[in-house]
Amino acid sequence: MVGSVVFKLVLTLVLFTVQVLCVKKPAEILIGRLIHWIHDRLQHHSVARYGYPVELHKVTTQDDYILSLVRIPGKSDKPPVLMVHGLLSSSIDWTVQGPDKSIAFIAADEGYDVWMGNVRGNTFSKEHKTFSSRDKEFWQFSFHEIGLYDLPAMVDYIRSNTSSDTVHYVGHSQGGTVFLVMASMRPDYNRKFASVHLMAPAAYIYHATSPAVDFASRIDELEMFAKLTRSYEIGGRGPGSSVDLVYVGHKTGLVPTSLVLTNIWYLVGVHDSINRTVLGEILANTPAGCSVYQLLHYGQNYLAKSFQMYDYGPVRNIERYGTKIPPEYPLHNVTAPIMLYYSAGDNFVPPEDVEELADQLPNVVHKHLIGLRKWNHIDYLFDVCFIRHQVL
Ligand SMILES: *[C@@H]1O[C@H](CO)[C@@H](O)[C@H](O)[C@H]1NC(C)=O
Ligand SMILES: *[C@@H]1O[C@H](CO)[C@@H](O)[C@H](O)[C@H]1NC(C)=O
Ligand SMILES: *[C@@H]1O[C@H](CO)[C@@H](O)[C@H](O)[C@H]1NC(C)=O
């Protein structure tokens with residue numbers, strides 16, 4: 001009797017599973033939903049909401065990741081600008097403050113053709129020709145591969161789509177890291193940039209005091225945790241994800257604003273710049289997910305006091321690099337004209353580290369220490385009043 005009930009249950013489950021699998025392969029269902037969701041978000045995306053034209057472009061990398069580029073087409077014949085977000089962020093953070101207060105809108109108002117990248121693994125770039133983002137294989141990358149494959153794919157796409165020889169580049173934090181990876185490892189790309197603006201670029205980070213860097217430098221524990229839980233994605237979105245719980249908790253009033261802000265400041269540096277009205281929208285999209293290997297790579301560089309390639313351990317390093325210790329990125333190959341923006345209140349990428357970077361780069365045309373206020377690591381995106389005067 002009990003046996004037959006259990007059997008029926010099992011059969012029902014099996015039939016249900018088969019039915020789901022046969023109607024459509026799960027990967028297709030997932031991708032279909034994701035695309036639908038992206039379009040939905042774009043509709044409500046601050047760009048469209050404020051009456052600016054917006055386009056979504058898909059770019060495929062050499063290693064088959066499919067990335068979303070969001071464009072606010074230019075109103076004049078000024079050259080295109082590519083903006084690349086930081087770790088755990090997305091194109092949305094360039095616009096979330098609305099017109100006059102977000103770099104993307106300010107640049108668009110000035111007539112620039114604005115392109116905002118989304119690097120592999122974030123909410124808007126989770127497609128791959130072969131892998132689903134639920135596969136372990138999908139997440140085998142750090143900022144190294146983003147610099148080596150994502151940026152070149154974006155730049156080449158923009159150049160061909162706009163018939164402009166060069167683009168301007170704006171990168172925040174990891175957006176700076178990946179530029180330096182690309183320009184040092186694939187030096188041919190330097191000539192494709194008219195100017196390069198790196199805000200709080202995370203190359204050397206060994207003076208960092210942020211608890212987040214400390215967390216990333218617990219390499220063995222993090223790696224073991226990822227392997228045991230099979231979670232290679234960190235801070236990703238989706239129903240039931242921990243970051244969505246915070247977002248909904250805040251939206252419903254369960255999680256007070258002050259608690260959210262205290263935690264943000266704890267991680268990025270204390271400077272109260274975030275507009276309380278906009279905080280909910282920031283949380284709706286940020287964090288936007290990354291691979292655990294991005295964190296590990298930063299953690300390794302923090303401990304090594306170096307800006308170097310991924311450390312796979314002595315044996316695999318010898319196979320890959322010919323040396324036990326990973327080589328440093330050859331920064332002397334970065335010949336594009338670089339402008340550096342940094343701040344004393346930034347506990348991720350403090351001034352000492354940016355100054356060391358400046359010493360290694362052969363073509364720094366401008367260094368801008370943001371002096372008037374103690375900007376933290378994310379004020380480049382969210383400090384409403386200051387952006388126009390300080391950065392552009
Ligand atoms: C740019 O991309 C869009 C979208 O794919 C396409 O419609 C347009 O023709 C492209 N323009 C050029 C000049 O390649
Ligand atoms: C970087 O520049 C050096 C010359 O200084 C060159 O030998 C090397 O091949 C370059 N690196 C790459 C990855 O092209
Ligand atoms: C905060 O954001 C709201 C909504 O966008 C806006 O109306 C308000 O002026 C902003 N406050 C400041 C100080 O910019």
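**Figure 1. Strands S6 and S7 run parallel and are joined by 6 bridges.** The model shown here and in the following views is predicted. Strand S7 comprises residues 193–199, and strand S6 comprises residues 167–172. Two residue pairs mark the register of the two strands. His-168 stands opposite Ser-195 in S7, and His-172 has Met-199 of S7 as its bridge partner. The connection between the strands passes through helix H6 (residues 174–185), and this β-α-β crossover from S6 to S7 is right-handed.

**Figure 2. Strand S6 is mostly covered, with 6 of its 6 residues buried.** Neither face of the strand is left open: one side carries Val-167, Tyr-169 and Gly-171, all buried. The other side carries His-168, Val-170 and His-172, which are buried as well. S6 also pairs in the parallel sense with strand S3 (residues 80–84), over 4 bridges. Within this pairing, Met-83 stands opposite Val-170 in S6.

**Figure 3. Strand S7 pairs in the parallel sense with strand S10 (residues 338–343) over 4 bridges.** The bridge partner of His-197 in S10 is Met-339. Of the 7 residues of S7, 5 are buried, so the strand is largely enclosed by the rest of the structure. S7 is also joined to S6, by 6 bridges.

**Figure 4. Ser-164 lies in the loop between helix H5 (143–162) and strand S6.** Ser-164 has 18 other C-beta atoms within 10 Å and is therefore partly exposed, since a buried residue would need 20 or more. Not counting residues up to four places away in sequence, Ser-164 touches Pro-79, Pro-80 and Arg-159. Pro-80 and Ser-164 are 84 residues apart in sequence, whereas their C-alpha atoms are 7.5 Å apart in space. The view thus includes part of strand S3, which spans residues 80–84 and pairs with S6.

**Figure 5. Asp-64 and Asp-100 each have a positive phi, near 75° in Asp-64 and near 75° in Asp-100.** Most residues other than glycine have a negative phi. Asp-64 is found in the loop between strand S1 (55–60) and strand S2 (65–72). This residue has 12 C-beta neighbours inside 10 Å and therefore counts as exposed. Asp-100 is placed in the loop between S3 and helix H4 (103–109). With 13 C-beta neighbours inside 10 Å, Asp-100 counts as partly exposed. The two residues fall into separate classes because a residue is exposed if 12 or fewer other C-beta atoms lie within 10 Å of its own.

**Figure 6. A cis peptide bond joins Thr-286 and Pro-287.** The omega angle of this bond is about 0°. Most peptide bonds are trans. Pro-287 is found in the loop between helix H11 (276–285) and strand S9 (290–291).

**Figure 7. Helix H10 (residues 257–268) has the span expected from its length.** At 1.5 Å a residue, its 12 residues should span 16 Å, and the end C-alpha atoms are 16 Å apart, which agrees. Just after H10, Gly-269 takes a positive phi of about 115°.

**Figure 8. Ligand 2 is surrounded by Met-185, Pro-187, Pro-330, His-332 and Asn-333.** By class, this shell has 3 nonpolar and 2 polar residues, and no charged residues. One of the surrounding residues, Met-185, belongs to helix H6 (residues 174–185), through which the chain crosses from S6 to S7.

**Figure 9. The protein chain has 16 helices and 11 strands.** This view sets the close-ups in the context of the predicted model. Of the 392 residues of the chain, 44% count as buried. Among contacts with a separation of 6 or more, 77% are between residues 24 or more positions apart.

Conventions:
Residues numbered from 1 in each chain as written. Chains lettered and ligands numbered in written order. Predicted model: local features only at pLDDT ≥ 70, side-chain atom pairs only at ≥ 80, totals over all residues. Pairing = 2+ DSSP bridges. Right-handed = clockwise from strand over helix to strand, strands pointing away. Expected span 1.5 Å × (residues − 1). Contact = placed C-beta atoms within 7 Å. Near = placed C-beta within 6 Å. Nonpolar A, V, L, I, M, F, W, Y, C, P; charged D, E, K, R; others polar.
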